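These are my notebook entries on a structure that I looked through one topic at a time. I wrote down what I looked up and what I found.

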Amino acid sequence: MSDWVVQAIATAVKAGLVIGIAMNIVPLLIYLERKISAYMQGRIGPNRVNLVLGDVRYLLPPSMRDAVPASLSRFKLIPGSLQPLADAVKLAFKEEIVPASADKVLYYLGPLVAFVPVATALAFIPFGTGTWDLFGTGHVIDLRIASADVGVLGLFAISSLGVYGIAAGGWGSGSKFPLMGAVRASAQMISYEVPMGLALLAAIATVGSVDTQAFVYEQATTWGGMGWLVFKQPLAALIFLVAMFAENNRLPFDLPEAEPELVGGYHTEYSGLKFALFFLGEYMAMILMCSLFVTIFLGGWSLPFVVDPSGTSGLNALASGLVFLAKIMLVLNFQVWIRWTLPRFRYDQLMHLGWKVMVPLALANLVVTAIVLHLAA
Amino acid sequence: MLALVPGYVPIAFLALVCLTIGGVALFLSSVLGPKRRTKVKEMPYECGVDPIQQGARERYSIHFYLVAILFILFDLEAVFLFPWAVGFREMGGDARVVVLVVVLGFIAALGAGLFYEWKRRGLEWD
């Protein structure tokens with residue numbers, strides 16, 4: 001087979017793999033988030049919907065049922081683990097309520113635009129090595145969907161379109177709370193994109209490329225495999241991390257959906273699967289931003305002694321994928337941890353932090369980076 | 001042109017996949033589930049009170065427009081720095097000194113713009 005055909009098939013497989021894994025991380029993340037939140041607050045959390053429903057003794061022949069103690073009969077495998085699935089099914093069968101005052105086109109477009117660009121931007125994330133020799137056939141597979149040179153820049157260009165979905169949904173609902181939520185969300189997301197972009201600039205200057213795979217190679221091949229940008233660019237990493245929370249509308253920056261003030265924010269008027277799509281988009285954005293943070297600052301799929309950055313074996317490629325998955329799960333759980341550690345900001349504090357602290361800091365970091373790079377070269 | 005295919009066509013492919021997922025979800029939500037529309041149910045939600053005015057194309061704080069304008073300014077200026085960031089490390093000796101001075105000047109201009117905005121109270125949120 002020609003390389004072109006192999007690459008086309010590989011692209012389809014990679015796309016299915018990435019979307020499949022990302023879509024499966026979402027329910028897992030919702031479950032983990034609810035469970036971790038519960039433990040942090042001394043609650044139990046979801047524990048009713050289990051993998052085994054009912055009495056397992058009925059799986060045995062009648063004569064053997066009494067031999068199993070009653071305490072073991074309701075064996076629960078990871079209590080509550082199927083709760084997100086149950087919620088999804090519930091949402092699917094909910095009535096679709098469209099407000100009479102809604103702008104129908106924008107109302108339907110909102111959730112779609114909030115989800116599609118964010119999920120599409122995953123194409124740029126390298127989830128494994130770029131040198132896997134496909135079963136020794138000589139076809140080199142790059143473990144990311146789009147091997148585009150624009151990398152980080154393209155990722156930002158596409159994922160930023162998600163703001164339009166939120167704005168369209170909030171405006172199209174024709175209701176006051178969603179409008180306020182949408183306006184707040186858009187202002188917050190674009191405000192924090194400035195420091196995020198500036199922090200990214202410092203990282204790009206350090207690596208000398210916008211190619212996402214180049215970022216990982218640079219980090220995997222310097223300082224004995226630990227040349228992670230979180231060590232080389234600590235301030236940029238911190239700014240990016242804070243901006244990441246604001247971009248994802250996560251606590252402590254969840255003002256767009258501050259329940260006591262705004263009911264549900266921009267998705268107040270949405271029900272059923274349209275609400276689920278907004279929700280999915282939000283969690284996809286979390287996964288995307290965490291993947292980007294891992295790729296740029298935490299060495300991506302690389303780990304000294306575990307992954308060989310230029311290895312061609314299938315085992316090496318698999319190891320790199322698992323390392324990447326482990327890293328993003330850690331960062332995702334960090335987000336949940338922060339959620340219950342810091343209280344919510346006020347809106348003026350949020351804008352103050354964004355424009356008066358983060359932007360000047362990011363600019364200063366850029367100046368220092370420029371001078372250090374000049375002196376070091 | 002052909003060289004662009006492996007890098008960029010997969011993005012369109014993935015966008016199509018995601019669009020399909022989203023479209024199916026939208027379609028299912030309009031097919032599944034009961035449909036009992038009432039006038040009260042279709043009112044905009046205002047915590048159970050009758051809506052004060054029909055529709056909500058209200059005015060909101062002018063600050064939000066200002067933030068959007070500031071974003072365009074600063075983000076556009078940041079975009080000019082991307083080519084510098086990519087090429088700076090590989091530049092040789094003399095050229096790099098010139099480029100460094102120019103870039104520092106550019107960042108200073110950015111900083112001055114921010115400072116001006118700050119002093120004109122454009123960043124205040126009262």
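Before starting, I noted the cut-offs that I would need: a residue is called buried when its relative accessible area is under 20%, exposed when it is over 50%, and partly exposed in between. I also noted that the model is predicted.

**Entry on two loop residues.** I looked up Trp223(A), which sits in the loop between helix 8 (212–221) and helix 9 (229–232) of chain A. Is Trp223(A) buried or exposed? Its relative accessibility is 55%, and because the cut-off for exposed is over 50%, Trp223(A) counts as exposed. I then checked its backbone and found a positive phi of about 50°, although Trp223(A) is not a glycine.

I turned next to Phe305(A), whose place is in the loop between helix 12 (272–297) and helix 13 (314–339) of chain A. Phe305(A) has a relative accessible area of 86% and is exposed, and its phi, near 70°, is again a positive value in a residue other than glycine.

**Entry on a covered helix.** I wanted a contrast to the exposed residues, and I chose helix 5 of chain A, residues 151–159, which is mostly covered. How many of its nine residues are buried? I found that seven of the nine are, among them Gly151(A), Val152(A), Leu155(A) and Phe156(A).

**Entry on chain A as a whole.** I looked up the elements of chain A and found 14 helices and two strands. The radius of gyration of chain A is 23 Å, close to the 21 Å that the globule rule gives for 377 residues, so chain A is as compact as a globular protein of that length. Along the principal axes, its C-alpha atoms fill a box of roughly 80 × 55 × 45 Å. Buried residues make up 59% of the 377 residues in chain A, while the chain exposes about 14,900 Å², with carbon and sulfur atoms supplying 72% of that area. I also looked up the charges, and chain A has 23 positive and 23 negative side chains, with the centres of the two sets lying 10 Å apart.

**Entry on the partner chain.** Where chain A meets chain B, I found 79 residues of chain A in contact with 67 residues of chain B. The area buried between the two chains is about 6,500 Å², and carbon and sulfur atoms give 76% of it. Which three residues supply more than any other three of the area that chain A buries against chain B? They are Lys176(A), Trp355(A) and Lys356(A), which supply 11% of that area.

Note on methods: Residues are numbered from 1 along each chain as its sequence is written. Chains are lettered from A and ligands numbered from 1 in the order in which they are written. Side-chain values use heavy atoms; hydrogens and water are left out. Buried means under 20% relative accessible area, exposed over 50%, partly exposed in between (1.4 Å probe, protein chains only). Helices (H or I, at least four residues) and strands (E, at least two) are DSSP runs, numbered from the N terminus. The radius of gyration is taken over C-alpha atoms; the globule rule is 2.2 Å times the number of residues to the power 0.38. Accessible areas come from the Shrake-Rupley method with a 1.4 Å probe; for residues, only the protein chains shown count as cover. Lys and Arg count as positive and Asp and Glu as negative; His and the chain ends are not counted. The place of a charge is taken as NZ of Lys, CZ of Arg, CG of Asp or CD of Glu. Contact means heavy atoms within 4.5 Å. Buried area is the accessible area (1.4 Å probe) that two parts lose on being put together, summed over both.
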